[in-house]
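Here are some short exercises to work through with the model open beside you. Try each task before reading its solution.

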Amino acid sequence: MNKIAVESKKYRYAMQLATIFLGFIIFGLSENIKGPAIPRIQYDFGLDEQQLGTLLSLNSLGYLIACSFTAYLTRIWGIKAVSMIAFGSMVLSGVLIFFSHSYPVFTSSYFILYIGNGMLEIGLAILGARIFVRNTGTMMNLSHFFYGLSSIVAPIIASGMMTVSWFGHVFDWRGMYLIMLSLAVLPMIPAFMSTFPGDHTSHEDRIPLKQLLRDPALWLLVLVLSFGVVSEMAVGGWLVNFLEKAYQWDSVSASGMLSAFFLCFSAARLVLGPVTDKIGFTLSLIIFSCFSGICTLIAIVGGESLAYLFAAAGIGIAPVYPTVMALIAKRYPHGSDTAITFIVTLMGVGSVIGNYAIGAITNGFKNAYGAGTELGLLRGLQAGYVFIGVCALLCAVFGVMLYSYLKSRKELI
């Protein structure tokens, strides 16, 4: 291979990495600026906890819909075009959110944001599965580290930006969304300048979905990922709300705890990636998700003095998603696109149900203990957050089942 070809290959790989890393940074920002904004959105539109859970579920539905068609668009147009559309839709949603002064318009704008998020996640997962053929666990966790990195600063930046004035106009949550989502223009640059592998793979070389569906491991991966992601993603939407209303923390302190969660989250993805390669992907899923669930439940039972364990839970839940992606890439090397799309789509269904369940559980317990009382609100919030911890434990349970199945067939990864 001549020098020009080598340099060209290095350049393409650098642009691919820039697209993945910047993409996850934007993904982390777009997902986790909602924590500080949700109490303000709830106040502006007069929503109760169940309506809030429904709102988040509807947004997860947009994400789910995007997952269902993104792989098809990837096969037709390629990852490059899909990535550009995903980033562009996120910028568009920021503009629409800024001008949304009624609940239906806001819901529609948020729905578009999650369409973009869904397209982006599938695109980045497929690209990672194609590129990271060596040290897969390490590189998958490193890529997702950038999601955690932006998630650390997202709540702090968001809460600070909502108080900033510009020529006498306070940004509030609408202006904050406009500015933060406009940053999605940045990863469009390396995506536009790059070429991506695998877009011209013939259909004959791909494993058909019907064949994949006969593999019990695929269904166990769906359950592992669904419960793991519900536990992970719910923190961004519910932790600040919980701390402010259950313990009367101010917005800055509550947002700081959310940032601490993502600090632990990011550090875990940076440090534990090589561990997953060493001890095995399946065993890693069991150990880490169990740790997260235990930390969350102890934090609830122990009260405000053990609130730091909410942050520590991020250490365990962080490696779950990238480790599942790494496992898919290794187990289905010729069908990763199809497997990722199927698993993540069903994971989206779990997210819809999970977000709704958290809101419904919170509201149900609040009403049972007294809808208008402080005790009722506290018990409701505690019950909703217990469900988040239970989801992490269920992730571990199905991880044990997956481990047993693969070990019995001598196919452990």
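A patch is made of residues with over 30% relative accessible area and no salt bridge, where like charges are joined within 9 Å and nonpolar side chains (Val, Leu, Ile, Met, Phe, Trp, Tyr) within 5 Å. A salt bridge is a side-chain nitrogen of Lys or Arg within 4 Å of a carboxyl oxygen of Asp or Glu, and accessible areas come from the Shrake-Rupley method with a 1.4 Å probe, with only the protein chains shown counting as cover for residues.

This is a predicted model, in which local features need pLDDT of at least 70 and side-chain atom pairs count only at pLDDT 80 or more, while totals for chains, interfaces and linings use all residues. Residues are numbered from 1 along each chain as its sequence is written, and side-chain values use heavy atoms, leaving out hydrogens and water.

**Exercise 1.** Find the residues that form a nonpolar patch on the surface.

Step 1: Mark Tyr11, Leu183, Leu186, Ile189, Phe192 and Met193; together they have about 580 Å² of accessible area.
Step 2: Look at helix 8 (residues 185–193), which gives the most to the patch, with four residues. Helices (H or I, at least four residues) and strands (E, at least two) are DSSP runs, numbered from the N terminus.
Step 3: Take Leu186, which lies in helix 8. Its relative accessible area is 46%, so Leu186 is partly exposed; buried means under 20%, exposed over 50%, and partly exposed in between (1.4 Å probe, protein chains only).

**Exercise 2.** Compare the expected span of helix 4 with the distance between its end C-alpha atoms.

Step 1: The expected span is 1.5 Å times one less than the number of residues.
Step 2: For the 20 residues of helix 4 (residues 79–98) this gives 28 Å, and the end C-alpha atoms are 29 Å apart, which agrees.
Step 3: Now pick out buried residues of helix 4, among them Ile79, Phe87, Met90 and Ile97.

**Exercise 3.** Describe the surroundings of Asn32.

Step 1: Place Asn32 in helix 1 (residues 3–32). With a relative accessible area of 2%, Asn32 is buried.
Step 2: Its side chain reaches the backbone oxygen of Gly28 at 2.9 Å.
Step 3: Leaving aside neighbours within four places in sequence, Asn32 is in contact (heavy atoms within 4.5 Å) with Tyr147, Ser151, Ala154, Pro155, Gly236 and Phe262.

Note on methods:
Polar contact = N/O pair within 3.5 Å; in protein donor to acceptor, adjacent residues only side chain to side chain.
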